[in-house]
Amino acid sequence: MAGTALLRDGSRVALVAEEPEEGGARVPPDYASLFPLRHTPGNTWQFTPRTAYVLDALFTQLGAEAAAGADALKDTVLREEDRAGGGIFAALPRATWAQGYSWRCDFAHHVFDLAWYIAAGTVPRPRCVAERVALDLALDHALAYTQALAGGTPAYDELPEHHHDDWDRVDQALRATGQQTTEGLPMLWRIAPDHWFIPFTKSRPRHTEHHYPGAW
């Protein structure tokens with residue numbers, strides 16, 4: 001099954017809801033074992049297997065789009081006329097459009113890192129601006145992607161259901177609600193591009209030994 005979701009600027013990104021094949025695309029981890037459902041006092045939100053499945057898939061797809069975009073664009077400076085068909089990088093703030101190949105590769109790495117956190121059994125809390133931007137994009141797509149998966153993807157359908165699968169709950173838990181915006185963008189999106197990969201206070205830098213797809 002395939003679907004399409006809107007990026008923040010109104011451009012579209014394809015969401016391909018299908019299961020990876022053995023020996024081909026990356027096989028998803030055992031989400032039910034990594035994030036077992038449990039009783040939580042006071043109904044405290046928990047990161048569920050279904051939430052893990054969806055966000056892992058979205059981070060992997062967005063990372064692949066960013067990697068392909070970096071390879072295609074190299075050091076090309078984007079222009080306004082590129083916005084409609086420029087992919088993920090054209091959907092980022094204008095301040096990033098003049099960034100080159102190295103910056104775009106770093107952004108792709110950080111998107112893949114969020115998928116790596118999930119595969120390692122860790123809730124994907126952003127550790128820098130780039131990861132927060134990737135989380136925002138994934139959460140913006142999550143409901144549409146889930147609707148495309150449901151009823152047609154056994155690996156997803158067989159995961160246990162939980163009321164914390166609700167994307168409003170997930171959104172509230174993973175990104176602050178009521179965050180300040182300027183010109184329709186969250187404040188963090190407007191930080192200078194040179195600062196997008198600096199770890200937040202008390203956050204660790206990304207692990208460079210991760211295994212990225214292909215040459216990544």
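1. R175 and D171 are both buried in this predicted model. Their side chains form a salt bridge, with N and O 2.7 Å apart. This pair does not stand alone: R132, D136, D140, D171 and R175 are linked in a network of salt bridges. In the structure as a whole, a search finds eight salt bridges.

2. Another pair in that network is D136 and R132, whose side chains meet in a salt bridge at 3.0 Å, N to O. Both residues belong to helix α5, where they sit four residues apart, about one turn of the helix. D136 has a relative accessibility of 0% and R132 one of 10%; with buried defined as under 20%, both therefore count as buried. Side chains of opposite charge can pair when their charged atoms come close.

3. A salt bridge with partly exposed partners joins R79 and D82. The closest N and O atoms of R79 and D82 are 3.9 Å apart, and the cut-off for a salt bridge is 4 Å. R79 is partly exposed at 49% relative accessibility. D82 is also partly exposed, with a relative accessible area of 21%. The limits for partly exposed are 20% and 50%, so the R79 and D82 values should be read with those limits in mind.

4. Helix α5 covers residues 129–149, which makes 21 residues. From first C-alpha to last, α5 reaches 29 Å, close to the 30 Å expected at 1.5 Å a residue. The helix nevertheless has a kink of about 45 degrees, centred on A142. Just after α5 ends, G151 takes a positive phi of about 85 degrees.

5. How many residues of α5 are buried? The count is 17 of the 21, so α5 is largely enclosed by the rest of the structure. One packing partner is helix α7, residues 167–174, whose axis lies 11 Å from that of α5. The angle between α5 and α7 is about 170 degrees. Angles over 145 degrees count as roughly antiparallel, so the two helices are described in that way. On the α5 side, the residues in contact are L135, L139, A142, L143 and T146; on the α7 side, they are W167, V170, D171 and L174. A142, the centre of the kink, is thus named among the contacts, as is D171, a member of the salt-bridge network.

6. The loop between α1 (31–34) and α2 (49–73) holds Q46. Q46 is buried, at 2% relative accessibility. Setting aside residues up to four places away in sequence, Q46 touches P36, L37, R38, T40, H162 and H164.

7. N43 is in the loop between α1 and α2 as well. Although N43 is not a glycine, its phi is positive, about 60 degrees. N43 is partly exposed, with a relative accessible area of 37%. Most residues other than glycine have a negative phi.

8. K74 is a further non-glycine residue with a positive phi, near 55 degrees. K74 lies in the loop between α2 and α3 (87–90). Its relative accessible area is 43%, so K74 counts as partly exposed.

9. Y101 is found in helix α4, residues 101–119. Which residues does Y101 contact, leaving aside its neighbours within four places in sequence? They are A70, D71, K74 and D75. K74 is the loop residue of point 8. The C-alpha atoms of Y101 and A72 are separated by 9.2 Å, and these two residues are 29 apart along the chain. Y101 is partly exposed, at 31% relative accessibility.

10. On the overall fold, the chain has seven helices and four strands. Along the sequence they follow the pattern β-β-α-α-α-α-α-α-α-β-β. Of the 216 residues, 45% count as buried. Among contacts between residues at least 6 apart in sequence, 68% join residues at least 24 apart.

Terms used
Residues numbered from 1 in each chain as written. Predicted model: local features only at pLDDT ≥ 70, side-chain atom pairs only at ≥ 80, totals over all residues. Heavy atoms only, no water. Expected span 1.5 Å × (residues − 1). Bend = angle between axes of the 7 residues up to and from the residue. Buried < 20%, exposed > 50% of the residue type's maximum accessible area, 1.4 Å probe, protein only. Axes fitted to C-alpha atoms, helices over the stretch in contact; angles between N-to-C directions. Parallel < 35°, antiparallel > 145°, perpendicular 65-115°, else oblique. Contact = heavy atoms within 4.5 Å.
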